Amino acid sequence: MVNLTHTLSTLITANHILDYHGICDAFGHISVRNPLNNNTFYLSGYLAPGLVSSPADLIEYYVANGSAVDPNAGRGYVERYIHSEILKRFPEQNCVIHAHAEAIVPYTITTVKTQSAYHMAGFLGQQVPNYDIKDYYNDTQTHDMLVRNSPLGAALGELFHSPSNTTNTTSIDHPLVLMRGHGFTTVDSSIETAVYRAFYAQANARIQTTAIGLASAFGSQGTIDYLSEREQLDTSVWNQALWDKPWLLWVRQVERSPVYDNSLGPLVTNTSGATGT
Ligand SMILES: [Zn+2]
């Protein structure tokens, strides 16, 4: 049964998880489509993710144009168009995460390609697109790297789909898109699995960077053996079946932390890991 309270509680806790693991700092954001109305979504107002604590901190926006449902809603994120445009472009997706994770940013400004370095990140696929916002600015706009309007958000959203896939024009062919000199954005059908992707994308970047450093110690003899396409596909299938295991751990970590508050109550209600509010 659709439960908006549970969805919003999960969104608040997901904000905390992204903060706890350094995927977001004071910046970055996560949205969820309204389970009762496909045409709107929820996103924190102008607040660091670690400080989001109640539905009053959230703003409901229209998917169509990123405007607030309540015209008197408080200050929101400038980059809410990342969320509105991706949720509009991909109606089967329900959660968008955008962050400036430090381990990932180097891959947005160098020619080093992001690769799946281990089995937890096969979902990255053979190609991770890099959104270069300077390709989409016009001269009258500020060039501050921020996705400040719908056209810039739509251009980012388009990179999640492969133009060669004409069979399903709303499929996510690239689950994660880098953003030059900025960070990354990822999307999935649920909050839990989108957080999984963000977490392991950052972990993968750390491992890949370490591997590159080790391999370089051997000069031209150094090699790195990344996952093959087949291994990426098969590990992705495996990962999709076990996202709940890390999720329950991450929920417990933030719920037991004195840093975070969730006025809608705990998601983990017993030691068997059942969730609900
Ligand atoms: Zn940003």
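These exercises work through the salt bridges, cysteines and zinc site of one predicted model.

Residues are numbered from 1 along each chain as its sequence is written. Because the model is predicted, local features need pLDDT of at least 70 and side-chain atom pairs count only at pLDDT 80 or more, while totals for chains, interfaces and linings use all residues; side-chain values use heavy atoms, with hydrogens and water left out.

**Exercise 1. Find how many salt bridges the whole structure holds, and examine the one between Lys-88 and Glu-85.**

Step 1. Set the criterion: a side-chain nitrogen of Lys or Arg within 4 Å of a carboxyl oxygen of Asp or Glu. Side chains of opposite charge can pair when their charged atoms come close.

Step 2. Search the whole structure. The count is seven.

Step 3. Take the pair. Lys-88 and Glu-85 meet at 3.0 Å, N to O.

Step 4. Place both residues. They lie in helix α2 (residues 80-89), three residues apart, so about one helical turn separates them. Helices are DSSP runs of H or I with at least four residues, strands are runs of E with at least two, and both are numbered from the N terminus.

Step 5. Check exposure. Buried means under 20% relative accessible area, exposed over 50%, and partly exposed in between (1.4 Å probe, protein chains only). Lys-88 is partly exposed at 38%. Glu-85 is buried at 7%.

**Exercise 2. Describe the salt bridge of Arg-230 with Asp-234, then the network that includes Asp-132.**

Step 1. Read the distance. The closest N and O atoms of Arg-230 and Asp-234 are 2.8 Å apart.

Step 2. Locate the pair. Both residues sit in helix α5 (residues 229-240), four residues apart, about one turn of the helix.

Step 3. Compare the surroundings. Arg-230 is exposed, with a relative accessible area of 60%. Asp-234 is partly exposed, at 40%.

Step 4. Look for shared partners. Salt bridges that share partners join Asp-132, Lys-134 and Arg-180 into one network.

Step 5. Inspect one link of that network. Asp-132 bridges to Lys-134, with the closest N and O atoms 2.5 Å apart. Asp-132 is buried at 13%. Lys-134 is partly exposed at 49%.

**Exercise 3. Explain why Cys-24 and Cys-95 are not bonded to each other.**

Step 1. Apply the cut-off: a disulfide is a pair of cysteine sulfur atoms within 2.5 Å. The structure holds zero.

Step 2. Check the distance. The closest cysteine sulfur to that of Cys-24 is in Cys-95, 11 Å away, so the gap is too far for a bond. From Cys-95, the closest cysteine sulfur is in Cys-24.

Step 3. Add exposure. Cys-24 is buried at 3%. Cys-95 is buried at 0%.

**Exercise 4. Identify the donors of the zinc ion and classify the site.**

Step 1. Collect donors: N, O and S atoms within 2.8 Å of the metal (3.2 Å for Na, K and Ca); water is not among the atoms, so sites may look incomplete. The zinc ion is coordinated by Glu-79 (OE), His-98 (NE2), His-100 (NE2) and His-182 (NE2), at 2.0 to 2.2 Å.

Step 2. Test the angles. Those among the four donor atoms run from 93 to 145 degrees, and the site is irregular. Four donors count as tetrahedral if all angles lie between 85 and 135 degrees; four count as square planar and six as octahedral if opposite donors are over 155 degrees apart and all others between 65 and 115; anything else is irregular.

Step 3. Read the spacing. Along the chain, the donors follow E-x18-H-x1-H-x81-H.

Step 4. Trace the connection. His-100 is in the loop between β4 (95-99) and β5 (130-131), and His-182 is in the loop between β6 (176-179) and β7 (183-188), so the pair ties together parts 82 residues apart in sequence.

Step 5. Finish with exposure. His-100 is partly exposed at 24%. His-182 is buried at 8%.
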